[in-house]
Amino acid sequence: MAQVHTSLPQAAAQAAAGAAGEANVIAAYKSELAEARAALFARYERGEPVAELVGRWSREIDRLVTAAWQRLLPESEAAAVVAVGGYGRSELHPSSDIDLLILVGDDAAERLAEVIGSLVIFLWDIGLEIGHSVRTVDDCRFEAADDITVVTNLLEARLIDGDAELFERMRHAVGPDSIWPSEAFFAAKRAEQRKRRHKYGDTAYNLEPNIKENPGGLRDIQMIAWVAKRHFGAESLHQLVDEGFLTESEYLALREGQALLWRIRFALHRLTGRREDRLLFDYQRTLADELGFTDLGDNLAVEQFMQQYYRAVMELNRLNEMLMQLFQEAILLHDQIGPPEPINKRFQVRSGYLEVTHPQVFARSPFALLEIFLVLQQHPELQGVRASTIRLIREHRHRIDDDFREDVRARSLFMEILRQPQGVTAALRRMNSYGVLAAYVPAFANIVGRMQYDLFHVYTVDEHTLRLLRNLRRFTIPEHNGEFPLCSAIAQRIPKLELLYLAGLFHDIAKGRGGDHSVLGAREAWDFCQLHYLSEYDSRLVAWLVEHHLLMSMTAQRKDISDPLVVQTFAEQVTDANRLDYLYLLTIADSRATNPKRWNSWKNALLRDLYQATRRALLRGLDNPQAQDDLIEQKQREAMRLLAYEGIDADACRDLWSRFGLDFFTPSSPEEIAWQTQRILATDPTELPLVVIRPLASRGCTEVFLFSRDEKNLFVRITALLDQRALNIMDARITTTDDGYAVNAFQVLGPDHRPIDQGTDTDELRELLLAALRRSDAERPLVNRRLPRQHRHFSVETRVSFAEDPRNRRTMMRLTTLDRPGLLAEIGAVFEACDIRLQSAKIATVGAEVDDVFFISTQDGAPITSEQTLTCLRQHIHDQLEGNADGRS
């Protein structure tokens, strides 16, 4: 690596005074820094360990800072330049901030202010990102006593150059004998860690994790080092082995995890040219390639890379949890833990934590590796497992082998854990954290830390599975009945909840293995159920739920569930009400655990409507399906009853309805038909267009209802304006009357995926829509929202397919493409250009991909049968979407 030549300060001293001379000095330093950085990256590319590179870079910066310090600061002054933070630990990554403490004597601060200012400016000018503070020893002590972050920073202080005696005085002044004794320091840092973890969702499994701040990240390793240094005076993590807090293998695991995170961080800094600790989609593919991963069939290189990362932070999380508990016992409790309270021959309680009665318990009774989790469930008053016992679990996981899994005691214990009235989620989460779940269910090991490279699945597969199980459990807990009342009511009548939990555990267990994960998972579930002595009926139910766990959500989102035939077909697939109950609960829990931010009241209402319609079909009997004509007649009778209650003339209603086609009645409830009819009849034709925006609680959304003369580009103008307002269109119903009026109903959610608040926003939206409808010659609004950053990293092929729906005299068009602002308006423009009539649309967005369904016909209401027309339509859509690939409409 290039070094700062000793001639640099001399050359600077000899340079002519003035701006030209200073510019030459700065240029020389900048050149030396650039050479040093290039040499650093060359070493990285040759495979030199990052642990050595960060030390080298720290020493390189030391030389630069020392040269600048000696150039500007008089030797006689009581002052020192000190490295703090990561720089103080000599763990400096290429673009990390260089944190400096300028330590000055009590009477030197004012005298040296100008010189220190020149030093800092000079360091910035040569290209170093400096974070600095200027303090006396008393300043350090005062500020450190008041702020845990300051004392932590100073804990890692390292003298670069200057007054060594002054530096030692500072270290003593902020040491544990003066301020922040070990007990207070540990308690404050523990609280700080909990707060930081909560900020990041208490999980390391984020789509774009922060490798420094996320649970299991570099900050957690630093936390261990800080506590060890403050309490034990440890200068290295290995001293924790000497102190008995870590075994040699645990220490190596800690160092291995740190090495991986350092390598990723170093690569991030090199790739971005700045301090960057977030593993954004922008970088994941590039880093996967740089670190040597390649695509293997369905297992993408980026998914392999991220799985390695997630598994590493999971292991670091385990070690951190264990060490924090050991530190608590040593530092806060001073190893004065209470006497043991026996539970059985294998387990006892000490100071609120469960532990084994003897270090050989798991060696002599391997089944206790499962029993310990059952004991925790049966004793909810316990705070957890003692760290020493966690270590024993980890050391004995190898005992969970084929013989163990065939042991009737182990099988009975596992099922008993699932059948407990409380603590199921906590037990399974602990089992996963300690590596027991993956050992007992080998197929589960494949999904630990497995991510899916898309925007829809925001957690790794194992984390998603555990969140799904938590959601299922909440349906059974009385204090949560208000969250999903229907789910809670159904859960009360589920005969065997453990079957539901097994279906949840296995529903995604075959992800990443190639083939249909639902089918493969069903086989795994069947085998597991049979091995655990479940009846044939119960085993079939669990396997069926796993194989069809996507059936209900796909039916609700992609099909017209107002069509009795769709409901009848779904009911025939489900076959009975018991299966329907299980499937509904599994579907709700799965949807909420996939992407909580994307779960909304609209999806909830959609699934609830499908559940209730299917239950009615099952009660009516599968051999007695409801005809569409009967359903419409029933809706009209109920709507007429509601309108009569409001004093609306029946003949006026019939006259209006005679102008409408069946597609006005089919998707709507009687309440919606009555409300829309009342609004239309109450409006004078000379006062059109009519725009009404109202909350639609039954559908979990806001309805934008429009009645006006039918005009060209009407749908395009409306959808573009709604998209311009960042509204999410979930459903669109388009009806044209026989006498040329358009009845458009859009069901929308706000940018936060919630119904729109009534008030100023809806008033403004109504006025904009009215203005757009009154100007038939108006161009459609420009949707100038940019494509979201994350979407740019996903390539989604545009696919268009058609299916006939002759019974409803229409054609179904399914579109899959990249989500983008203004998409619906673009599709509407194609329909207009091809003289296609849009009846309704179902909008589904899965991460960065849209999977929309449009029900279309010819202008005279017939299905589109011409292959030439369909080919033309498909080509127009491809041309339109590819022409606007940058995300603007």
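In this predicted model, Arg350 stands opposite Tyr353 in strand 7, and this pair is a handy place to enter the structure. Arg350 belongs to strand 6, which covers residues 347-350. Strand 6 pairs with strand 7 (residues 353-356) in the antiparallel sense, and 4 bridges connect the two. The connection between strand 6 and strand 7 is a hairpin with 2 residues in between, and Ser351 in that turn has a positive phi of about 55 degrees. Strand 6 also has a partner in strand 5 (residues 341-342): these two strands run antiparallel and are joined by 2 bridges. Here Pro342 has Gln348 of strand 6 as its bridge partner, and a hairpin of 4 residues leads from strand 5 to strand 6. Along strand 6 itself, the side chains of Phe347 and Val349 point one way while those of Gln348 and Arg350 point the other way, yet all are buried.

Backbone geometry offers a few further spots worth a look. Leu688 and Pro689 are joined by a cis peptide bond, with omega at about 10 degrees. Pro689 sits in the loop that runs between helix 34 (670-681) and strand 9 (690-696). Positive phi values also turn up in residues other than glycine, including Ala726, with phi near 65 degrees, and Asp835, with phi near 60 degrees. Ala726 lies in the loop between helix 35 (714-724) and strand 11 (728-736), and its relative accessibility of 23% makes it partly exposed. Asp835 is found between helix 37 (823-833) and strand 15 (837-842), again in a loop. Asp835 is likewise partly exposed, at a relative accessible area of 49%.

Turning to the cysteines, a search of the whole structure gives 0 disulfides. Cys487 is in no disulfide, since the nearest cysteine sulfur, that of Cys701, is 19 Å away. Cys487 is also buried, with a relative accessible area of 1%. What keeps Cys834 and Cys872 from forming a bond? The sulfur of Cys872 is the closest cysteine sulfur to that of Cys834, but at 4.2 Å it is too far for a bond, given that a disulfide needs the sulfur atoms within 2.5 Å. Cys834 counts as buried, at 15% relative accessibility.

Aromatic contacts are next, with 26 aromatic pairs found across the whole structure. In one of them, the ring centres of Phe293 and Phe305 are 5.9 Å apart and the planes meet at 50 degrees, so this pair is tilted. Phe293 comes from the loop between helix 13 (281-290) and helix 14 (301-332), and Phe305 from helix 14, so the contact ties together parts that are 12 residues apart in sequence. Phe293 and Phe305 are both buried. In the pair of Phe831 and Phe854, the ring centres lie 5.7 Å apart with the planes at 75 degrees, so the arrangement is edge-to-face. Phe831 is in helix 37 and Phe854 in strand 17 (residues 849-857), so this pair links parts that are 23 residues apart in sequence. Phe831 and Phe854 are buried as well. An aromatic cluster is formed by Phe404, Phe414, Tyr440, Phe506 and Phe528.

Rings also meet charged groups. The charged end of Arg158 sits over the ring of Tyr87, at 5.2 Å from its centre. Arg230 places its charged end over the ring of Phe185, 5.4 Å from the centre of that ring.

Key:
Residues numbered from 1 in each chain as written. Predicted model: local features only at pLDDT ≥ 70, side-chain atom pairs only at ≥ 80, totals over all residues. Heavy atoms only, no water. Buried < 20%, exposed > 50% of the residue type's maximum accessible area, 1.4 Å probe, protein only. Pairing = 2+ DSSP bridges. Phe/Tyr/Trp six-rings, centres within 6.5 Å; stacked < 30°, edge-to-face > 60°. Lys NZ or Arg CZ within 6 Å of the ring centre and 35° of its normal.
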